Structure formats: structure tokens, C-alpha cells
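These are my notebook entries on one structure, written down in the order in which I looked things up. Each entry starts from what I wanted to know and ends with what I found.

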Amino acid sequence: MHGMEDGVRAGDIALRTSRYRVSGMDCGSCAAKIETALRRVPGIREVRVSVPGGTVTVSHEAALGADAVVRPLAALGYGAAPADPVAEAAVPTCGGGCCGPAHSDAGHSHAAHSHSHSHADPAEAPWWRGRKAVLTLAAGAALAAATLLGLLVPETEPWAFPLALTVGLVPVARRALAAARAGTPFSIETLMTVAAVGALVIGAVEEAATVLVLFLVGELLEGVAAGRARAGIRGLTALVPDTALLEQDGAAPRAVPAAGLAVGSVILVRPGDRVAADGIVLSGSSAVDESPVTGESMPKPKGAGDPVFAGTINADGALRVRVTAAARDNTIARIVRLVEEAQESKAPTERLIDRFARLYTPGIVAVAALVAVVPPLVFGGGWTEWIYRALAVLLIGCPCALVISTPAAIAAGLSNGARRGLLLKGGAVLEALGRITTVAFDKTGTLTEGKPRVTDLIPFGASGGVVSEAGGSEAELLAAAAALEAGSSHPLARAILAAAAERGIAPPAADEVTALPGAGLQGRVGGLAVALLSPKAAGPSLTAEQAERVAALAQAGKTVSVLLVERQAAGLIALRDEPRADARQGIEALDRAGIRSLMVTGDTVQTAGAVAGMLGVEAHAQLLPEDKLRIVRDLQAGGQRVAKVGDGINDAPALAAADVGIAMGGGTDVALETADAAILHGRVGDVAAMVALSRRTMANIRQNIALALGLKAVFLVTTVLGVTGLWPAILADTGATVLVTANAFRLLSVRS
């Protein structure tokens, strides 16, 4: 079975989806040739090519043969192997650069046999050892030898330069012929071959040989650039260690391959080790550096019950971790898979450029033909001169820089976002984000932390030693409440116990603790009858002044518990799900970007209003999921482009209806499957960061298109006028490609 397989139906035919890694593919022209060739294969219904990811995904009928994808790619000079990690481990990988055929023995569940050719994967080899580099060096050496020989023995020039030309021209011509047979007659190889042969015919052999070497250098640079773009994401996989220390049957931990860890296994992570799998800490405490995965600079304390992620670094204490995800499903694997799949999703701008390029190249060929024929026939110009200019026009017409202008920027933008914990499902999402005008936030777990915290401790003073007669203290109040809540897993109980732990308060022992359904808890602490009740249940014990304090806290959106000691009110404890630390700054950043923010929540009007007031956003409260969906659609009907930010579960209808659905923090597992984008860090400010990344990427694309078309326009005019010739033409094309790629790479280093 090739790569991942998903069942799809086209009419009455069941289709499967297979994914391949392709070596030697490094520009838009490569992608176009591959897509055209595979669409002609019987049984293949859809083809998606990702140059930045180096992958090809095909939807095909179940009866597709083992070599149906590999053979056409090999004929074009590309290597292919299944993208599924398990398949890759079981099947020898092979491939080749653009310069020669390659084969793979990629097995298939529907195949009876396969061809066996085992080679090193060029994608893993240094660029200077690849076939492109070898061919470029050979062609360069042949040109240098011909030049030297021509200087020393001038009479050898008539055959030395044609011989040097053939060193590079033959492989390029073979690729041109293969592309033409596969349905791409106007490939860059075809343009280059026609130009080189034409130059040979009119006697411009030295220039033709030089231009060919420059063309090969340009292709080599494109390959290096594409490899660098892929390395950023694939490098994430290197964060996961090869081995893990497995605990089993009470024996001493032993080293086992991390890729084979099963869910439920228990591993030991020593100080200084990388965590080998996603899991939950069973025992031990330590600080864990999560910066390799999330970018957070400060290590996070971890103890029993806390989650840890594969690839993070354990700092100072041993941890026993129960594995919760297999290697192919851990955090890093899912991030890599998401980004690679996202790179296969073309943005609207990219699709437009692709369509333009399909018309542009034949148009350039037509212009070159007119330049070669019209002046000599109509105006009596010299054939050699105008054919020479036409050949230069052909070279200028190479669409590589134009075609790669958008995917290079999109890939760099997606990679930059992934490194910062901003995961976007494709170029279309990245492009749409920059046009957002309104962001609708969920409250709980999105604008707020998603768990209550103790915000107010108000002792009243009561008899006995639990809370002192002199008015008591916050510590005594919290200690008594914590004594009753010890052992409870209720969110409010956990908040009270956490507040006590933060203050270093050890709760006294409580006896005879019983729950009062719908009211609270009661028990005995220090020999005294103590109860922690809701304001309604404690009502008869409250004075008018104390009841006013309770009402004021409730108006502020806080949950209030009343502590009674011997049936007298001893104090109040108020709790609230507080806004995230960066929530207000995140809202302000969106406001500066000209984007309106609002809150849509199912919480009460009082609680929503209190949080909204703190953050300065418009609040819509007590909403059901269908109400949130209605608000999103109403905004869209009013001409707004809406991003919905939530947890990806109970906000699912609104997330799906929004122009862009974004899942926050704790909803990441769902987000990776359902939402358009996900914020791993759980920072509200990252929504504005996503928008800024989108706008920078789109600006970069516009710059790239202007560079590509601008340089071509200038040299097209100067070539027709006879100011520039073949050398400047190919330098313009290669230079434009390098400039466009380098400009796109600037996005990789953007941090805000």
C-alpha cells in the first residue's frame, strides 16, 4: 500500500489516495510536467503536487498497478517512493535527479510483483553529490576545456565547442522529449533545447554552450533552494530520539527503538534526555524545555498527570511517562504531516499563476517565432540576426521564476508558522487570513485559561480556631476550605487546593466530610463544624452586608462559595476563569491591524460581560452552538470576512461556517483534523500573528511576481531591440528565479 490510503468515491467507483515522496522536483515547471504525466495514467483521477514538500498525492482506482506512478516519473527523470513512514522503512528507496531516469521498487498491495532497484535516496545526499551537480560540473568542465583548447589550438574550435555543448544538451534534450511524450511540449527543457540547437545552426556555438552551463547552474540553485525549504520541516522529525528506555515487567529499563513504542508503554526519561513519545507523567517532577516544539523560551514544570510531548527536553529530574500516542501520531509527526499536506493545497493566487503560465509559455514561443520570421520576410532583416534574437526570447520566456513565485512564498510562510506553533492547512488558508475583518472568539479556554482560579478571599471573622475572632486571615479561610476539598476532583475544588499550594498552606485534616447535593460540603476541622456552601444554601447565615458582598462578586462574573464555621459565616471565596495573560494585548494587536473582535459564549451574561469588560471586546452571551453559527453567518451576510476562534469541538458549526476556523491550545488534537488552522501555544496574540504572517506572505508574493515579470519584460524589450543576447537572457531567467526564491526565504526568519 502506497503512502496513506483513504477511501473516496467518484461516481460508483471507489477511489484511494496514495502519497509519494519525489526526488529531483524543485520548481513549478517540474510540478506541471509531473501533474500532466500522471493525469494521463489510466486509473488516476486526481493529482496534487507539492514542490516545497517534495510530494505527489494521487486519487486512483483500487486496481492501480505498483509502477503506475513510479514509471512515468522515472521516464521524466524523477525518483518516487511511498510517503508513508512504515512503507518507506519496509521498501528500499530510490530516486534520481532531473537529469536521468530512476526507479523505485515501491510495493503495492494490488501488485503481484515489483522491480527491485536499490539506490541511495538523493534527497538524503548532499546537493553536491546529486546528478544535477555532477552534470553541471561535467558541462562546465567541458566548456572550460573547449575554451582552453580553442585558445591553445584555434583550429579545434569548430568541433571542440559543439562537443562541449553535447555534454549538457543530450540529457536536457532527453528530458524535453520525455516531457513532450508525457503531454508537456512547452517545457523549459524544450525551450532550452530549441535555443541551443538553433544557436548551433547559426554558428553561435560558444554562446550556446555557455548558456547551457548557466541554465544547469540555475537548475542546480533551484534544487538547493527547494532542498533548504524542505529541510526546515523535515528537520522536526530529527527532534525525536531514535531510542527510548522502556520499563517492562519490573526489570531495569532497556533501550528500544522509539518508533516501536506502543500506546500504554511506560518509559523512563532521564535528565538531559529528549522525550521519545507523547505521554502523561506517571511519577517524578522536572522542568521540561518545550521550545523545540512550541517555541516557548521558559521550561515548564512537569509532575504526575501532566502531558509531555515528543521532542521536548527533560531538564533536571527523572520522569516516568506513559505513552499516549504511537510514533506516527505524536505531536511532531502530526505537525510535519499537517504542513506537508498544507503545502499540497494551492492558494487561489497560485492557481491563477499556474493557469497564466500554461498560456504564457506557448505565447512566448509564438512571439519568438514572429521575431525570427517577420523582420526578415517583411523588412528584409538578416535571418541569422533575428533567429539569434528569437532564441534569446525563448530563453527569456522560461516561466520558472513566475511559477515558483507563489509556492515558494507560501511554503516559507507555512514553515515559519509551524516553527512558531501557528499551523495552517494550506496556502488558501494563509491567503484568506490576511483578508479577515472580524474575529469571533469563544470565551472559555480561548480568551480565558479554561479553568477557575481563586480571585478573592474575604474573611469575616468567626468563633473558634479555624478562622480567628479578630477578623481572621485569608490563610485561615483558605486552609479551612482546602481541608474540606482535599481529595475532590471538582474544578472548583482543584482551584482552591491549587491556591493553597501556591501560598504554601498545608490544609489541616478534616473528618466526617460529606457532600450536600446542590449545596456544597460539610465536615469537621479542628473539632469544629465547618461547611463550604453556595450563597443560596448559606443565605440564612449571611447578614445583609455580607449578602451585598456576594452579589457584587457575582455581578463581576465570579463563582462564590461561603465558608461557615459553627453555622456562622466566616468568609467568602470567589473564583473565576480568568483571561489569558496576553488576551488584552492580543485583542489590541488585532485592533491595530484594523480587525474587529467580539466574544461569543454560552456562559452567563454577567460572566461574559465581566471578561469582555476587562478585554475591551463586544460580548454575546448565553449562546447555543446554533446561535454562534447564526452570528457568524449574519456577519458574513453583512460583508465581513470572519475568523472563528474556539476549541474545535462545541464550536464546530461556527468554525466550519467561518471564512477561517482557528482552534486554540487544548483543542489541538481536534484542530489538526477539523479546523483550518491551529494555535499550539494557546496565545490570543497568535491570532494577530497569523494575520500578520498572511499579509507579509501576500506582499512577498506580489514582490516575487513583479520581480519575475519585470525582469522578463525588460530583457524581452532589450533582446528584440538587439541590446542583449543569449547570455543576458539566461542570466535574467536564472537571476529572477534566484531572486524570487531568496525573497521568499526572507519569510523563514520573520518572528513577529
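Is Val378 buried or exposed? I began with this residue, keeping in mind that the model is a predicted one. I found Val378 in helix α10, and its relative accessible area is 57%, so I entered Val378 as exposed, the cut-off for that word being over 50%.

I then looked at what surrounds this residue on the surface. Val378 belongs to a nonpolar patch that also takes in Leu370, Val373, Val374, Leu377, Phe379 and Trp383, and the accessible area of these residues together is about 730 Å². When I asked which element gives the most to the nonpolar patch, the answer was helix α10, residues 348-379, with six residues.

Next I turned to Ser18, which I located in strand β2, residues 13-23. Its relative accessible area is 0%, and because buried means under 20%, Ser18 counts as buried. I also looked for a side-chain partner, and noted that a polar contact of 2.6 Å joins the side chain of Ser18 to that of His60.

The aromatic rings came next. My count of aromatic pairs came to zero, but I did record a charge over a ring: Arg389 lies over the face of Trp386, at 4.2 Å from the ring centre.

I went on to the backbone, looking for positive phi values. Most residues other than glycine have a negative phi. Against that background I wrote down Glu566, whose phi is near 50°, and which I found in the loop between β21 (559-565) and β22 (568-576). Glu566 has a relative accessibility of 34% and is therefore partly exposed. I made a second entry for Gln622, where phi is again positive and near 50°. Gln622 sits in the loop between β24 (618-620) and α21 (625-637), and with 52% relative accessibility it counts as exposed.

Which residue is 8.4 Å from Ala581 in space, C-alpha to C-alpha, although 102 residues apart from it in sequence? I found that this is Arg683. Ala581 itself is placed in the loop between β22 and α19 (583-592), and its relative accessible area of 71% makes it exposed.

How many salt bridges does the count come to? I arrived at 19 salt bridges, and looked up several of them with the accessibility of both partners.

My entry for Arg270 pairs it with Asp273, with 3.0 Å between the closest N and O atoms. Here Arg270 is partly exposed at 43% relative accessibility, and Asp273 is likewise entered as partly exposed, with 22%.

For Arg435 I noted a salt bridge with Glu431 at 3.6 Å, N to O. The two ends fall into separate classes, since Arg435 is partly exposed at 36%, whereas Glu431 is buried at 6%.

The salt bridge between the side chains of Arg576 and Glu578 is 2.6 Å, N to O. I entered Arg576 as buried, with 9% relative accessibility, and Glu578 as buried too, with a relative accessible area of 19%, which is under the 20% cut-off. My last entry is on shared partners: Lys33, Arg175 and Glu189 are joined by their salt bridges into one network.

Conventions: Residues numbered from 1 in each chain as written. Predicted model: local features only at pLDDT ≥ 70, side-chain atom pairs only at ≥ 80, totals over all residues. Heavy atoms only, no water. Patch = residues over 30% accessible without salt bridge, like charges linked within 9 Å, V, L, I, M, F, W, Y side chains within 5 Å. Areas by Shrake-Rupley, 256 points an atom, 1.4 Å probe, with all protein chains shown as cover. Salt bridge = Lys/Arg side-chain N within 4 Å of Asp/Glu carboxyl O. Helix = DSSP H or I, 4+ residues; strand = E, 2+ residues; numbered from the N terminus. Buried < 20%, exposed > 50% of the residue type's maximum accessible area, 1.4 Å probe, protein only. Polar contact = N/O pair within 3.5 Å; in protein donor to acceptor, adjacent residues only side chain to side chain. Phe/Tyr/Trp six-rings, centres within 6.5 Å; stacked < 30°, edge-to-face > 60°. Lys NZ or Arg CZ within 6 Å of the ring centre and 35° of its normal.
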